[in-house]
Structures are given as C-alpha cells and as structure tokens.
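Open the model in your viewer, switch on the cartoon, and keep the selection box handy. We will go from stop to stop, choosing what to select and looking at what is there.

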Amino acid sequence: MAQTEQITLYGDFYSPFVHRVQIALEDAKAEYTLYPISPMHKPSWFVSKVNPTTTKIPAMTYGGPKTSPDEPSPESVKLTESLVMVEFIAELFPESKLHPADLVKRAQARLFISIVEAKLHDGFIKFFAAGSPNTVLLDAIEALQVRLPETGFAVGEWSIADISAVPTLLRFLALLERDFGKYPVGEGKKTLEELQKPKFARIMRYIAEAKEHPSVKKTWNEAGTMKVFKKNPYIQRDSGVTFTPPS
C-alpha cells in the first residue's frame, strides 16, 4: 500500500524501545523522519505536544500536514509505547509481513513478546542497573530460548516477535563484552562466557542471525550506543546513583 501520511519518530537511537520502532519502519520500507530526543533532556514542546501522558520516548506522530518535527501538527495522531507502534506499523503496512499470516504463529509471536516483556527487560534492569546475580539475566534468556524453533526466527519468519526482543538482546551482549554494569568487575565477561557454552547455543545463533537481518543491520549503532551507555549513571559502578529493582 502506498504511504500517504507523514510519520515522525521521536527518540534516541541508544534506546532499545526506539530501536524497535525504527526496525519496524525499515522493514515496512516506510518514509519517516527520525527526530532525536534524549530521555534525560526532553524539550518542553515534546512533553506538551507529543507525549504529555507519559513523557517517555519513543513517541510517534502520524498523519496531519507535514510540519517541522519540533512543531507537530495538532491534526496528527500521537502514538506512544513501542509495541503499540510496532503493531500499528505492521497493520499499516501489511506487505511487510511483520504479522504472521498463520493465526497460530501470530498467537505464538504474541506469547514470545509476553516473555520478552515479563522477563527479559526485568533481567536487564536487575543485572545491569542493580547488580543482581547473573542468574536473573541467564534465566530470562533461557526462558526466551525455549520458545525458539530449531531454525529461523522466533516463529520461523521474521516478525513483530523478533522486533520486540532483538534490540535488548544486542545491548545485552555489547554491554557484557565491555563489562558495563553495576555488577562486580569481571562479572560481565564471566556471564558472556556462560552464554557461549552449548546450553545457550540456540539463542546465540538466533542473535547472530538477527544482527544480519537488513533492518537491524541498518539501524544498529553499537559503537554509538555503547558510548551513551558508558556515561549512563544507572549502570556506572562509581556513579553514586542507585536503582531499586522491582520486587
């Protein structure tokens, strides 16, 4: 379907949630504007005109007259929450095939996403930002791994399920390689060694294959992302900033 409405995505490339939406837009071959918004320094116009509800990134405007991104049209639809936007893009551009055609696979994709939301992000926060034992991370990754088929992506063909998980998984590995996090020095590389054992061979192969997917390859800025994370006080060991993980 030919695109008739403007799309503007607001957010910072280092965020896995912004990355989700950007991957979906690339998969859909959509025309869009990416306007950088730092989660730490959000301009007042973004808070008042784009996402007054939660003020978070990513956010997106759809439709209305094309205007400067910092002057969004009141006629445009404002969307928030990364998975809502990914689903919207999948439905707006059905030729992208981000929604599996088979209804069973579509249900499996949503189940996969539910595990990402319930376990993967919780493991990320507890390990990297709170310094919890690496079992919280390894258990989350194992829970995802058991849902993977023997080959291919989350439900076989690339879909919204993969878009939900891959941005976070890529950041897992990049942070572990650099030993970035609140955990004790060296724990990141030890955890990476655990992931390189046969027990996790399937998900490591999955991540490697996903990294080569065209939309991921085009949008994954590892060096830039790690430069930002290195300065993030929530994962710096000596920052003095503490994070209380959810119970």
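Start by selecting P65: leaving out residues up to four places away in sequence, P65 touches S73 and E75. Keep in mind throughout that this is a predicted model. P65 sits in the loop between β3 and β4, and it counts as partly exposed, at 41% relative accessibility. Now add S76 to the selection. P65 and S76 are 11 residues apart along the chain, and their C-alpha atoms are separated by 7.5 Å.

**Along the loop to P72**

Stay in the loop between β3 and β4 (77–80), and select P72, which is also placed there. Is P72 buried or exposed? P72 is buried, with a relative accessible area of 10%. Show its surroundings and you will find contacts with Y10, W45, K49, V50, T61, T67 and K78, not counting residues up to four places away in sequence. For a view across the model, draw a distance from P72 to A210: the two are 138 residues apart in sequence and 34 Å apart in space, C-alpha to C-alpha.

**Zoom out to the chain**

Now show everything again. The chain has 10 helices and 4 strands. Read along the sequence, they follow the pattern β-α-β-α-β-β-α-α-α-α-α-α-α-α. The radius of gyration is 18 Å, close to the 18 Å that the globule rule gives for 247 residues, so the chain is as compact as a globular protein of that length. Taken along the principal axes, the C-alpha atoms fill a box of roughly 50 × 45 × 30 Å.

Try colouring by burial next: 50% of the 247 residues count as buried. Switch to a surface and you are looking at about 12,100 Å² of accessible area, 55% of which belongs to carbon and sulfur atoms. If you colour by charge instead, there are 30 positive and 29 negative side chains to pick out, and the centres of the two sets lie 4 Å apart. Among contacts in the chain with a separation of 6 or more, 72% are between residues 24 or more positions apart.

**Into β1: L9**

Select L9, which is found in strand β1. L9 is buried, with a relative accessible area of 0%. Which residues does L9 touch, not counting those up to four places away in sequence? They are V18, V21, Q22, L25, T33, L34, Y35, P58 and A59. For another long distance, pick E150 as well: L9 and E150 are 141 residues apart along the chain, with C-alpha atoms separated by 35 Å.

**A cis bond at P58**

P58, one of the residues that L9 touches, makes a good next selection. P58 is in the loop between α2 (44–49) and β3 (59–62). Look at the backbone just before it: the peptide bond from I57 to P58 is cis, with omega near 0 degrees. Most peptide bonds are trans.

**α1 and the side chain of R20**

Move to helix α1 (residues 16–27) and select R20. R20 is an arginine to view with the surface off, because it is buried, with a relative accessible area of 1%. Show side chains and follow two polar contacts. One, of 2.8 Å, joins the side chains of R20 and S82; the other, of 2.7 Å, runs from the side chain of R20 to that of E117. Beyond its neighbours within four places in sequence, the contacts of R20 also include L83, V86, V116, H121, I163, S164 and P167.

**α3 and what covers it**

S82 leads on to α3, whose buried residues are S82, L83, M85, V86, I89, A90 and L92. Select these, then bring the surrounding elements back: the cover over them includes β1 (7–11), α1, β3, β4, α4 and α6.

**Two loop residues with positive phi**

Most residues other than glycine have a negative phi. With that in mind, select K97, in the loop between α3 (82–92) and α4 (103–129). Phi of K97 is near 60 degrees, a positive value, and K97 is exposed, with a relative accessible area of 63%.

Finish at D179, in the loop between α6 (160–178) and α7 (187–195). D179 has a positive phi of about 60 degrees although it is not a glycine. At 10% relative accessibility, D179 counts as buried.

Terms used. Residues numbered from 1 in each chain as written. Predicted model: local features only at pLDDT ≥ 70, side-chain atom pairs only at ≥ 80, totals over all residues. Heavy atoms only, no water. Buried < 20%, exposed > 50% of the residue type's maximum accessible area, 1.4 Å probe, protein only. Polar contact = N/O pair within 3.5 Å; in protein donor to acceptor, adjacent residues only side chain to side chain. Contact = heavy atoms within 4.5 Å. Rg over C-alpha atoms; globule rule 2.2 N^0.38 Å. Areas by Shrake-Rupley, 256 points an atom, 1.4 Å probe, with all protein chains shown as cover. Lys, Arg positive; Asp, Glu negative; His and termini not counted. Charge placed at Lys NZ, Arg CZ, Asp CG, Glu CD.
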